[in-house]
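User: I'm new to reading protein models and would like to work through this one in small steps. Can we go through it with questions and answers?

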Amino acid sequence: MIDDARKRVFKEMGGSQIILSPVGSKALALGMLMAALERDFAVVLVESLAYSAAPAVLNVQRAPRGDLVHIWLHGEAYGLPTHSDGTES
């Protein structure tokens, strides 16, 4: 894992810290949150207070549809199939 490699590399220099910022898609933000919870990373959110743009310079083309993403948050994603009585196959 990247975090393990980073710890080895910076160990002799006093260590280092990873700080995550959830910028990007919702799926990326959830992935960062999961990493932060698992590895105790700091999370800092920086966002704009407002946006200002002249409508004449904006490109008003329709944005493409995004892909559907599934994220398994907890538990065994692909466990053994079970019978109706609760026993495993």
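User: Is Asp 3 buried or exposed?
Analyst: This is a predicted model, and in it Asp 3 has a relative accessible area of 3%. The cut-off for buried is under 20%. Asp 3 falls under that cut-off, so it counts as buried.

User: Where does Asp 3 sit, and what does Asp 3 touch, not counting residues up to four places away in sequence?
Analyst: Asp 3 has its place in helix H1, which covers residues 2-10. Leaving out residues up to four places away in sequence, its contacts are Ile 18, Arg 39 and Phe 41.

User: What distance separates the closest N and O atoms in the salt bridge of Asp 3 with Arg 6?
Analyst: Both residues lie in helix H1, three residues apart, which is about one turn of the helix. In general, an α-helix has 3.6 residues a turn, so residues three or four places apart point the same way. Arg 6 is buried, at 15% relative accessibility. The closest N and O atoms of Asp 3 and Arg 6 are 2.3 Å apart.

User: And how far apart are the closest N and O atoms of Lys 7 and Asp 3?
Analyst: These two are four residues apart in helix H1, so about one helical turn separates them. Lys 7 is partly exposed, with a relative accessible area of 45%. A salt bridge allows up to 4 Å between the atoms, and for Lys 7 and Asp 3 the distance is 3.5 Å.

User: Which helices does the salt bridge of Arg 39 with Asp 4 link?
Analyst: The closest N and O atoms of Arg 39 and Asp 4 are 2.8 Å apart. The two residues belong to separate helices, so their pairing ties together parts that are 35 residues apart in sequence. Arg 39 lies in H2 and Asp 4 in H1, so the helices are H2 and H1.

User: Are Arg 39 and Asp 4 buried, exposed or partly exposed?
Analyst: Partly exposed means a value between 20% and 50%. Arg 39 has a relative accessible area of 24%, and Asp 4 comes out at 31%. Both values sit in that range, so Arg 39 and Asp 4 are partly exposed.

User: Which residues do salt bridges that share partners join into one network?
Analyst: As a general point, side chains of opposite charge can pair when their charged atoms come close. The structure holds five salt bridges. Those that share partners make one network of Asp 3, Asp 4, Arg 6, Lys 7, Glu 38 and Arg 39.

User: What length does helix H2 reach from its first C-alpha to its last?
Analyst: H2 runs over residues 26-39, so with 14 residues at 1.5 Å a residue, 20 Å is expected. The model comes close to that, with H2 reaching 20 Å.

User: What phi does Asp 40 take, just after H2?
Analyst: Asp 40 is in the loop between H2 and E2. At 71% relative accessibility, Asp 40 counts as exposed. Its phi is positive, in a residue other than glycine, and the value is about 60°.

User: Which strand has the highest confidence, and which the lowest?
Analyst: The protein chain has a mean pLDDT of 80, and 89% of its residues reach 70 or more. In general, where pLDDT is low, the predicted coordinates should not be read in detail. Confidence is lowest in strand E1 (residues 19-20), at a mean of 84, and highest, at 87, in strand E2 (residues 42-43).

Key: Residues numbered from 1 in each chain as written. Heavy atoms only, no water. Buried < 20%, exposed > 50% of the residue type's maximum accessible area, 1.4 Å probe, protein only. Contact = heavy atoms within 4.5 Å. pLDDT = per-residue confidence, 0-100. Salt bridge = Lys/Arg side-chain N within 4 Å of Asp/Glu carboxyl O.
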